[in-house]
Amino acid sequence: MSGSGFDRTADSRKSFLQGNDPSDPKGYHMRQSFEELNKQKNLIVMDGPMGTELERRGYNVNDRLWSAKILRDDPAAIRRIHYDYCAAGADILTCASYQASVKGLCEAGCSQARAEELIALSLRLVQEARESWWEEGGRLSGRPLPLAAGDIGPYGAYLSDASEYTGAYRLSRSEYREFHLPRMRILQETGAEIFAVETMPRLDEALVCAELLEEMGADYWISFTFRDESHICEGRPVSEVTAALRDLPHLKAVGVNCTPPEYVRGIVRRLRAGTDLPICVYPNSGEIYDGVTKTWHGVPGAQTFDGMARGWYAEGARLIGGCCRTTPDDIRTIAGWTEEEKASLCRSLPPLD
Ligand SMILES: [Zn+2]
């Protein structure tokens, strides 16, 4: 590790410890930026899912609020999972605000103030987890400080009827703005360094989120759900999506998540044909989700997640992580690729089967 990024982080850390920076009254002073991280890494390792990981650890997330229910009832469990992804090698930690919209939380019985508090808490849990990891050896590990990402799930996630996989809803621009802005503001005030506009089935909604974040001057990536190798879930072709995402200075990456992994190589290829932005991929493990019973069926395909992820890297994906049913072990495997392995993947693109 060399370069000013690390030194600056060390300075921030000192200032954090002193806790006397008037520009940072809440004390969340350790900062990372996407640009800084991107300079240091030829592969940015993303984290894995919160909801299905809570489930794997025995928490019942079968609820309209999904992982946001645990945010309310047992925040330490969420902090622990962020910590585990961090220790596994994730360079980006995405907070548990996917399902936690102000509207959704209020309808679940929270006061407006409590809803806002829970959304801020979701990001603080990321900050606390990386802080613990940093203190317990992360600082000396040579790894950069992970980026704290605010999670912006689609309106379909609030509906809680699996419509983030169909896009079967339609709001006006002002309705989308009204739904998304409050959570974005809270997360920005709490210190989100980038926003994950993710699991987006619809282009119109993604563009409204982009408009809001550009207005706020906040970095973000946009990740869509796909119905096949060439169409996002609402049915629009990749080429239309990439064409619409030009000239957005704060957009740092575009990609795919929460999608069957077998589509992903084809998707990466098509995304790369339409954009020069870094491509992010964090698909599901390969099992099938039943949106009605909110359960998973089937076993992962014969190819391992690691094997598939190598194909995505070879195809040009530069941010890789996991979505539903992947685990910290999957993240650890990706983070463990050597520089030689990555270089050889780039040289020998395996055939697309
Ligand atoms: Zn998912």
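Visitor: Is Gly 137 buried or exposed?
Guide: This is a predicted model, so everything here is computed from predicted coordinates. Gly 137 sits in the loop between H7 and strand S3 (147-152). A residue with 12 or fewer C-beta neighbours inside 10 Å counts as exposed. Gly 137 has 10 of them, so the label is exposed.

Visitor: How far apart in space are Gly 137 and Ala 87, C-alpha to C-alpha?
Guide: Along the sequence, 50 residues separate Gly 137 from Ala 87. In space, C-alpha to C-alpha, the value is 9.7 Å.

Visitor: Let's zoom out. How many helices and strands does the protein have, and what percentage of its residues count as buried?
Guide: The protein has 15 helices and 10 strands. Among contacts with a separation of 6 or more, 75% join residues 24 or more positions apart. As for burial, the protein has 353 residues, and the buried share is 47%.

Visitor: Which helix gives the largest share of the largest nonpolar core?
Guide: That core has 96 residues, and Ala 149, Phe 195, Val 197, Val 281 and Ile 320 have the most contacts inside it. The largest share of this core is 10 residues, and they come from helix H7 (residues 112-135).

Visitor: Are H7 and H9 roughly parallel or oblique to each other?
Guide: The two helices pack with axes 9 Å apart and an angle of about 45°. Roughly parallel would need an angle under 35 degrees, and roughly perpendicular starts at 65. H7 and H9 are therefore oblique.

Visitor: Which residues of H9 does H7 meet?
Guide: H7 passes H9 in a right-handed crossing. By class, the contact holds five nonpolar, one polar and three charged residues. From H7 come Glu 116, Ile 119, Ala 120, Leu 123 and Arg 124, and on the H9 side they meet Arg 183, Ile 186, Leu 187 and Thr 190.

Visitor: What about H12 and H13: are they roughly parallel or roughly perpendicular to each other?
Guide: Helix H12 (residues 264-274) and helix H13 (residues 305-315) have axes 9 Å apart and an angle of about 15°. Angles under 35 degrees fall in the parallel class. H12 and H13 are therefore roughly parallel.

Visitor: Which residues of H13 make the contact with H12?
Guide: The crossing of these helices is right-handed. H12 brings Val 264, Arg 265, Val 268 and Arg 269 to the contact, while H13 brings Gly 311, Trp 312 and Glu 315.

Visitor: And what covers the buried residues of H12?
Guide: In H12, the buried residues are Val 264, Arg 265, Ile 267, Val 268, Arg 270 and Leu 271. Their cover includes helix H11 (238-244), strand S6 (251-257), strand S7 (279-282) and H13.

Visitor: Is Ile 222 buried or exposed?
Guide: Ile 222 is found in strand S5 (residues 220-224). Leaving out residues up to four places away in sequence, Ile 222 touches Val 197, Met 200, Ala 206, Ala 210, Leu 245, Leu 251 and Val 254. The cut-off for burial is 20 or more other C-beta atoms within 10 Å. Ile 222 has 26, so the label is buried.

Visitor: Which residues is Val 197 in contact with, leaving aside its neighbours within four places in sequence?
Guide: Val 197 is one of the residues with the most contacts inside the largest nonpolar core. With those sequence neighbours set aside, its contacts are Ile 152, Ala 206, Cys 209, Tyr 220, Trp 221 and Ile 222.

Visitor: Where is Thr 199, and is this residue buried or exposed?
Guide: Thr 199 is in strand S4 (residues 194-200). Its phi is near 60°, a positive value in a residue other than glycine. Most residues other than glycine have a negative phi. With 25 other C-beta atoms within 10 Å, Thr 199 is buried.

Visitor: What is the phi of Ala 162?
Guide: Ala 162 lies in the loop between helix H8 (155-159) and helix H9 (173-190). With 16 C-beta neighbours inside 10 Å, Ala 162 counts as partly exposed. Although Ala 162 is not a glycine, its phi is positive, about 65°.

Visitor: One last loop: is Val 292 buried or exposed?
Guide: Val 292 lies in the loop between strand S8 (288-290) and strand S9 (295-297). Val 292 and Ser 160 are 132 residues apart in sequence, with their C-alpha atoms 9.6 Å apart in space. Val 292 has 8 other C-beta atoms within 10 Å, so the label is exposed.

Technical notes:
Residues numbered from 1 in each chain as written. Predicted model: local features only at pLDDT ≥ 70, side-chain atom pairs only at ≥ 80, totals over all residues. Axes fitted to C-alpha atoms, helices over the stretch in contact; angles between N-to-C directions. Helix = DSSP H or I, 4+ residues; strand = E, 2+ residues; numbered from the N terminus. Parallel < 35°, antiparallel > 145°, perpendicular 65-115°, else oblique. Left-handed = near helix turned anticlockwise from the far one by under 90°. Contact = placed C-beta atoms within 7 Å. Core = buried A, V, L, I, M, F, W, Y, C linked by C-beta atoms within 7 Å. Nonpolar A, V, L, I, M, F, W, Y, C, P; charged D, E, K, R; others polar.
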